[in-house]
Amino acid sequence: MSRALQLARRGLYTTDPNPRVGCVVVRDGRIVGEGWHERAGGPHAEVHALRAAGERARGATAYVTLEPCSHHGRTPPCSEALIEAGVGRVVAGMEDPNPRVAGQGLARLEASGIATEAGVLAAESAALNPGFIQRMRSGRPFVRCKLAMSLDGRTALASGESQWITGPAARADVHRLRARSSAILTGSGTLLGDDPSLTARIEGLDGSAVLQPLRVVLDTRLVTPPSAKLLALPGHTLVLTGSDDSGRRRALEAAGAEVAVLPVRDDRLDPVDVLTLLGQREINEVMLEAGPTLAGAVLRAGLVDELVIYLAPHLLGDQARGLFHLPGLDTMADRVALTIEDIRAVGPDWRIRARVK
């Protein structure tokens with residue numbers, strides 16, 4: 001199963017909106033076939049592994065990081081492929097959270113006389129697909145909030161200047177996080193202030209081109225200029241607004257953007273509405289790259305699942321800008337509690353990964 005997980009990671013940047021899955025076929029204590037899901041619409045991990053195994057798959061054990069599917073999607077069900085190959089046993093890292101599968105794949109195998117087991121390295125299997133799992137269970141994607149700050153917790157000077165707080169190694173790490181994300185979410189303030197690209201500038205794990213994440217701009221009043229850099233770059237940009245200004249909308253659409261209107265609540269777009277819409281569009285993982293106002297709003301709404309904070313070894317002073325706008329934190333009991341899951345050096349900077357309790 002550890003080897004199957006290694007294989008699954010090769011699809012880290014390319015399988016959206018599908019999960020990352022690996023499979024190893026073992027007979028008489030030896031690996032006879034292995035594979036991973038490479039791209040949505042292509043063969044699943046089990047099919048690649050069974051093809052590699054050929055006739056040696058008969059009577060063998062298949063180790064797969066996620067329960068084999070039992071429904072017809074873009075490809076035939078993998079449970080049928082395993083049955084036709086004559087495997088004797090299937091071990092799954094975890095059950096598939098997709099309601100269309102959810103135990104039915106294993107049940108189909110058992111009904112055909114194949115022994116099954118699930119839950120081997122389940123936590124590691126789940127860690128590969130936090131967004132897919134969350135979307136299947138709640139309808140909303142997994143939100144990872146990325147921030148870069150100085151040692152005194154500041155993200156930019158009072159003037160707004162912020163390039164660059166961190167060094168090249170940390171910025172390269174950010175591109176890897178972008179590449180695994182289904183969408184990058186920012187606000188109109190960041191767009192107007194920084195004119196960011198919001199692209200993933202890396203190659204895939206196998207040297208191929210990565211899927212560019214959907215760029216999503218929250219723009220309540222539709223102030224995004226048609227000349228914004230991200231509209232001219234590869235990939236797709238979605239502007240979410242509460243404005244009915246048809247002239248501005250046509251100008252943005254002519255520049256290559258897709259514009260969608262959402263309800264305005266308390267003079268802003270509701271993060272719940274935004275993430276529900278993205279879940280409906282099969283977005284698994286969202287990377288939030290925004291200023292303190294939007295980052296604070298999403299955090300207050302209880303929608304940030306993970307914080308990735310890059311800590312740079314310098315000071316910007318108490319006049320500089322902070323991480324989150326969080327009004328209403330009046331007592332220590334109002335604190336936002338975090339669980340630190342990982343701290344490591346990235347070049348001269350430190351990366352802190354934390355979950356919101």
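Visitor: How many strands form the open sheet, and in what order?
Guide: Nine strands form it in this predicted model. The order is β10-β9-β8-β7-β13-β6-β14-β16-β15. The pairing is mixed.

Visitor: Mixed how? What ways can strands pair?
Guide: Strands of a sheet pair through backbone hydrogen bonds, either parallel or antiparallel.

Visitor: OK. Which are the edge strands?
Guide: β10, residues 258-261, and β15, residues 338-346. Each of them pairs on one side only.

Visitor: What does the twist average?
Guide: From one strand to the next, the average is 20°.

Visitor: Zoom in on β6 and β14. Do they run parallel or antiparallel, and how many bridges join them?
Guide: They run parallel, and seven bridges join them. β6 covers residues 142-150, and β14 covers residues 306-312.

Visitor: What is the bridge partner of K146 in β14?
Guide: That is V308.

Visitor: Which helix packs on the sheet?
Guide: Helix α7, residues 168-180. It touches β6, β7, β13, β14, β15 and β16. The direction of α7 makes about 165° with that of β14.

Visitor: New topic: helix α10. Why is it called largely enclosed?
Guide: Seven of its 10 residues are buried, so the rest of the structure largely encloses α10, residues 271-280.

Visitor: Which residues of α10 are buried?
Guide: P271, D273, V274, L275, L277, L278 and G279.

Visitor: And what caps its N-terminal end?
Guide: D270 does. One of its side-chain oxygens lies 2.8 Å from the backbone nitrogen of V272.

Visitor: What follows α10?
Guide: E282 follows, with a positive phi near 65°.

Visitor: Let's step back. How is the protein chain divided?
Guide: Into domain 1, residues 1-128, and domain 2, residues 140-356. Their C-alpha centres lie 34 Å apart.

Visitor: How many residues are in contact between the two domains?
Guide: 13 residues of domain 1 are in contact with 16 residues of domain 2. The area buried between the domains is about 1100 Å². Carbon and sulfur atoms give 50% of that area.

Visitor: Which three residues supply the most on the domain 1 side?
Guide: Y13, D16 and P17. Together they supply 57% of the area that domain 1 buries against domain 2.

Visitor: Last one: T61. Where is its place, and is it buried or exposed?
Guide: T61 sits in strand β3, residues 61-64. Its relative accessibility is 14%, so it counts as buried, the cut-off being under 20%.

Visitor: What is T61 in contact with, leaving aside neighbours within four places in sequence?
Guide: V24, V25, V26, R89 and V91.

Note on methods: Residues are numbered from 1 along each chain as its sequence is written. This is a predicted model: local features need pLDDT of at least 70, side-chain atom pairs count only at pLDDT 80 or more; totals for chains, interfaces and linings use all residues. Side-chain values use heavy atoms; hydrogens and water are left out. Two strands pair if DSSP finds at least two bridges between them. Helices (H or I, at least four residues) and strands (E, at least two) are DSSP runs, numbered from the N terminus. Axes are lines fitted to C-alpha atoms, for helices over the stretch in contact, and angles run from 0 to 180 degrees between N-to-C directions. Contact means heavy atoms within 4.5 Å. Buried means under 20% relative accessible area, exposed over 50%, partly exposed in between (1.4 Å probe, protein chains only). A polar contact is a pair of N or O atoms within 3.5 Å; within protein, one must be able to donate a hydrogen and the other to accept it, and residues adjacent in sequence count only if both atoms are side-chain atoms. Domain bounds come from an automatic or database domain assignment. Buried area is the accessible area (1.4 Å probe) that two parts lose on being put together, summed over both.
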